[in-house]
There are 2 protein chains.
Amino acid sequence: MTFRRPDRDPERPVYVISVAASIVSAHPRTLRIYEEEGLICPARTPTNIRLYSENDVRRVMWIRHLTQNLGVNLAGVRILFELEERLGTRILEHLYAEAATDGDASGAPAGAQTAAAAAAKP
Amino acid sequence: MTFRRPDRDPERPVYVISVAASIVSAHPRTLRIYEEEGLICPARTPTNIRLYSENDVRRVMWIRHLTQNLGVNLAGVRILFELEERLGTRILEHLYAEAATDGDASGAPAGAQTAAAAAAKP
DNA sequence: GAGTCTTGACAACGGCATTGATAGGTTTCT
DNA sequence: AGAAACCTATCAATGCCGTTGTCAAGACTC
């Protein structure tokens with residue numbers, strides 16, 4: 001590790017909204033709503049175009065998992081993210097053994113790594 | 001502590017559903033729903049009457065706070081409870097400084113103590 | 001026996017999540 | 001330059017959820 005090439009940096013903003021939306025199987029509108037809700041905070045080009053990093057995408061996948069699979073609403077997602085950030089622990093990891101008893105942790109958003117440090121409300 | 005009289009044991013089932021409901025300002029129906037959802041698990045008399053302990057009431061107050069004040073749905077409440085139990089930490093405490101900036105932690109359900117160890121799905 | 005509890009069902013009400021369409025305007029790419 | 005995709009903002013439809021409410025038939029408690 002740590003010799004990832006900079007052009008593969010998971011923090012690097014690369015995906016435009018339509019691409020990010022298709023990756024996570026959601027409507028672009030939905031991603032904008034997540035942003036309005038302060039759940040994600042994608043970078044912007046100098047000309048204001050949203051650019052999502054790999055970590056942003058993973059974070060959205062967490063939101064999708066929590067809402068679609070576990071039935072949590074966006075308020076609950078916010079609480080969980082805030083809690084993870086506040087505790088400095090990757091508590092979200094604990095939410096997989098619990099949901100999918102079929103042990104498929106590979107399909108996990110896997111981005112619990114940085115799930116906490118992303119959103120900022122301006 | 002620990003010389004609480006047994007007749008004041010917060011685990012002792014004392015409140016019948018109508019009383020518990022009035023204490024937490026909710027409809028008895030709502031308490032039954034919480035139970036169906038596995039969020040609470042009040043004791044029963046030998047003749048099947050629900051009896052809520054002080055801790056049960058506090059737990060319901062947490063549910064109310066999370067849903068009414070923070071907008072979390074019952075699925076989110078379940079996740080939070082499970083997480084607290086799994087981590088063995090009183091993470092819910094962290095949810096007050098965050099919600100009420102007016103610093104009124106006295107009105108808190110205060111029952112974070114035992115919020116984790118209550119529900120069991122038969 | 002009156003009142004409260006039980007389960008179960010059905011309904012109404014408001015709210016939320018998601019998707020969708022629209023408008024007018026800017027950016028990007030060919 | 002022109003097409004395509006982006007931006008913000010708004011309005012709407014759809015479907016599900018949370019809560020309260022009521023009704024029924026039956027069991028329990030005082």
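Biologist: What makes up the surface near DNA strand C, by class of residue?
Modeller: Eight nonpolar, nine polar and three charged residues. Bear in mind that this is a predicted model.

Biologist: What makes a residue count as near DNA strand C, and how many surround the strand?
Modeller: The C-beta atom, placed from the backbone, must lie within 6 Å of the strand. 20 residues surround DNA strand C. The closest are A:His27, A:Thr30, A:Leu74, B:Ser18 and B:Arg50.

Biologist: Which helices supply at least two residues each of that surface?
Modeller: Helix 2 (28–36) and helix 4 of chain A, together with helix 1 (17–23) of chain B. Helix 2 of chain A gives the most, with three residues.

Biologist: Now the two protein chains. How many residues does each bring to the contact?
Modeller: Chain A brings 16 residues and chain B brings 15. Helix 4 (residues 74–87) of chain A gives the most to the side of chain A that touches chain B, with eight residues. By class, that side of chain A has nine nonpolar, four polar and three charged residues.

Biologist: Why is A:Thr89 called partly exposed?
Modeller: Count the C-beta neighbours. A:Thr89 has 16 inside 10 Å. Buried needs 20 or more, and exposed needs 12 or fewer. The count of 16 falls in between, so A:Thr89 is partly exposed.

Biologist: Where is A:Thr89 found?
Modeller: In the loop between helix 4 and helix 5 (96–99) of chain A.

Biologist: How far apart are A:Thr89 and A:Ala26?
Modeller: In sequence, 63 residues. In space, 28 Å, C-alpha to C-alpha.

Definitions and conventions: Residues numbered from 1 in each chain as written. Chains lettered and ligands numbered in written order. Predicted model: local features only at pLDDT ≥ 70, side-chain atom pairs only at ≥ 80, totals over all residues. Contact = placed C-beta atoms within 7 Å. Helix = DSSP H or I, 4+ residues; strand = E, 2+ residues; numbered from the N terminus. Nonpolar A, V, L, I, M, F, W, Y, C, P; charged D, E, K, R; others polar.
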